[in-house]
Amino acid sequence: MAPPHRSPRSPERISRPGPRPTRRSLLAGVAALGALGATGCSRVATASDVEGGDLLDRLRAAGVVRLGIAGEIPFGYIDKNGELTGEAPELAAVIFKRLGVDRVQPVPTEFGSLIPGLNSQQFDVVAAGMYVNPERCEQVVFSDPDYQMLDAFIVRKGNPKGLRDYKDVVEKKAAFATGTGYAEIQYAVEAGYKESDILIVPDQVAGLNAVEAGRVDVFAGTALTVREVVKKSAKAEATEPFKPLVGGRPHVDGGAFAFRPTETNLRDAFNVELRKLKKSGELFRILKPFGFTEAEMTDLTAKELCGG
């Protein structure tokens, strides 16, 4: 699948990575984090004892903020030209520019390493479209969501097993796959699917390949990633979006930026600028080239999704 159209950027806004990474290198996890020193960026000094944190002041002084990304189209990835793009990095570049930080720099890792990498100060912010949920809220603080999202499935053409939600997957004993660290794992388990039977793959491209090859009947992901990845497939299609059940009730997810728990001042300043972008309509203009629709814009708050 071709990457979404990228909005224009000036050279000073985004700091380019060193050697051009492949998709495999984007998912190299800790190895990618360990290679950070080779990118030539200097690490911002560690946290101070200022109430709410002083990371924003230190980022302004350094002139660059390091973004943890997970190589997932369209949320945050390195494109075929070796450039950082995706809805989260593009939005981060706009907001941090307004906050006085001129450049954003990618730190690629696998999705499951994003929160550990953030809290070990391998990067400053998670910019990967991460869903806000109570478990993650115990480990990081989130901005308010910049988008909301339903789930959808990749299935073979014609959807021969008639799979439309997780209940169908369980009842029809379908071979099920989803991505590393995806919220869809727990949604399937809540519906009654045995976690040890789930095939875990790196991303939606691997999920599409698994469905096309007949290794699984279905791959679950966000409605956006699913509908984008199947566009050029002759063997697979996307189902209609649906709300997974959480605690027996239909649930809508929201994706946001994550910050270390000590850095609430930065989170609050980020939220102020995010709200301005929502009010002006600029947020939708930034996200639209990556396949987002107006239905996926949201007024959900992190507090709501964290469970209080």
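How many aromatic pairs does the structure hold? There are 14 aromatic pairs, where rings of Phe, Tyr and Trp (its six-membered ring) count as paired if their centres lie within 6.5 Å, and where planes under 30 degrees apart are stacked, over 60 edge-to-face and the rest tilted. The model on screen is a predicted one, in which local features need pLDDT of at least 70 and side-chain atom pairs count only at pLDDT 80 or more, whereas totals for chains, interfaces and linings use all residues. Residues are numbered from 1 along each chain as its sequence is written, and side-chain values use heavy atoms, with hydrogens and water left out.

**Aromatic pairs**

Select Phe176 and Tyr193, whose ring centres are 5.4 Å apart and whose planes meet at 50 degrees, so that the pair is classed as tilted. Phe176 belongs to strand β9 (residues 176-179) and Tyr193 to the loop between α8 and β10 (199-201), so the pair ties together parts that are 17 residues apart in sequence. Helices (H or I, at least four residues) and strands (E, at least two) are DSSP runs numbered from the N terminus. Both Phe176 and Tyr193 are buried, a term for under 20% relative accessible area, with exposed meaning over 50% and partly exposed in between (1.4 Å probe, protein chains only). Widen the selection to Phe153, Tyr166, Phe176, Tyr187, Tyr193 and Phe242, and one aromatic cluster is on display.

Move next to Phe257 and Phe270, where the ring centres are 4.7 Å apart and the planes are at 50 degrees, so this pair too is tilted. Distant parts of the chain are linked here, with Phe257 in strand β15 (residues 253-259) and Phe270 in helix α11 (residues 264-280), 13 residues apart. Phe257 and Phe270 are both buried.

While helix α11 is selected, look also at Arg275, which has its place in that helix. Arg275 is partly exposed, with a relative accessible area of 47%; from Asp146 it is separated by 129 residues in sequence and by 9.2 Å in space, C-alpha to C-alpha.

**The five-stranded sheet**

Now colour the open sheet of 5 strands, which follow the order β10-β9-β11-β8-β12 with mixed pairing; two strands pair if DSSP finds at least two bridges between them. The edges are held by β10 and β12 (236-238), each with a single partner strand, so one side of each has no neighbour in the sheet. From one strand to the next the twist averages 30 degrees, with axes taken as lines fitted to C-alpha atoms and angles running from 0 to 180 degrees between N-to-C directions.

Select strand β11 (residues 218-222), in which 5 of the 5 residues are buried, so the strand is largely enclosed by the rest of the structure. With β9 it pairs in the parallel sense over 3 bridges, and here Ala177 stands opposite Phe219, while Phe176, already visited in the aromatic cluster, stands opposite Val218.

Strand β8 (residues 151-156) is joined to β11 by 5 bridges, and the two run antiparallel. Val155 has Val218 as its bridge partner in β11, and Asp151 stands opposite Thr222. Strand β8 is mostly covered, with 5 of its 6 residues buried, and 3 bridges join it to β12, again in the antiparallel sense; there, the bridge partner of Arg156 is Ala236.

**Cavities and the largest pocket**

Which volume does the largest cavity have? The volume is about 130 Å³, and the whole structure holds 3 cavities of 30 Å³ or more. Among the 13 residues that line the largest cavity, Glu72, Phe111, Tyr131, Tyr182 and Thr222 are the closest to its centre; Thr222 is the residue met above opposite Asp151. On a 1 Å grid over the protein atoms alone, a cavity is a set of points where a 1.4 Å probe fits but cannot get out, a pocket is an open set with protein on both sides within 12 Å along at least five of seven lines, and lining residues have an atom within 4 Å of a point. Grid points are joined across faces, edges and corners, and a volume is the space filled by probe spheres set on the points. Strand β5 (residues 125-131) supplies the largest share of the cavity lining, 4 residues.

Finally, select the largest pocket, with a volume of about 600 Å³. Of its 28 lining residues, Asn133, Glu135, Arg136, Ala183 and Gln186 are the closest to the centre. Helix α8 (184-190) is one of the elements that supply at least two residues of this lining, and it gives the most, with 4 residues.
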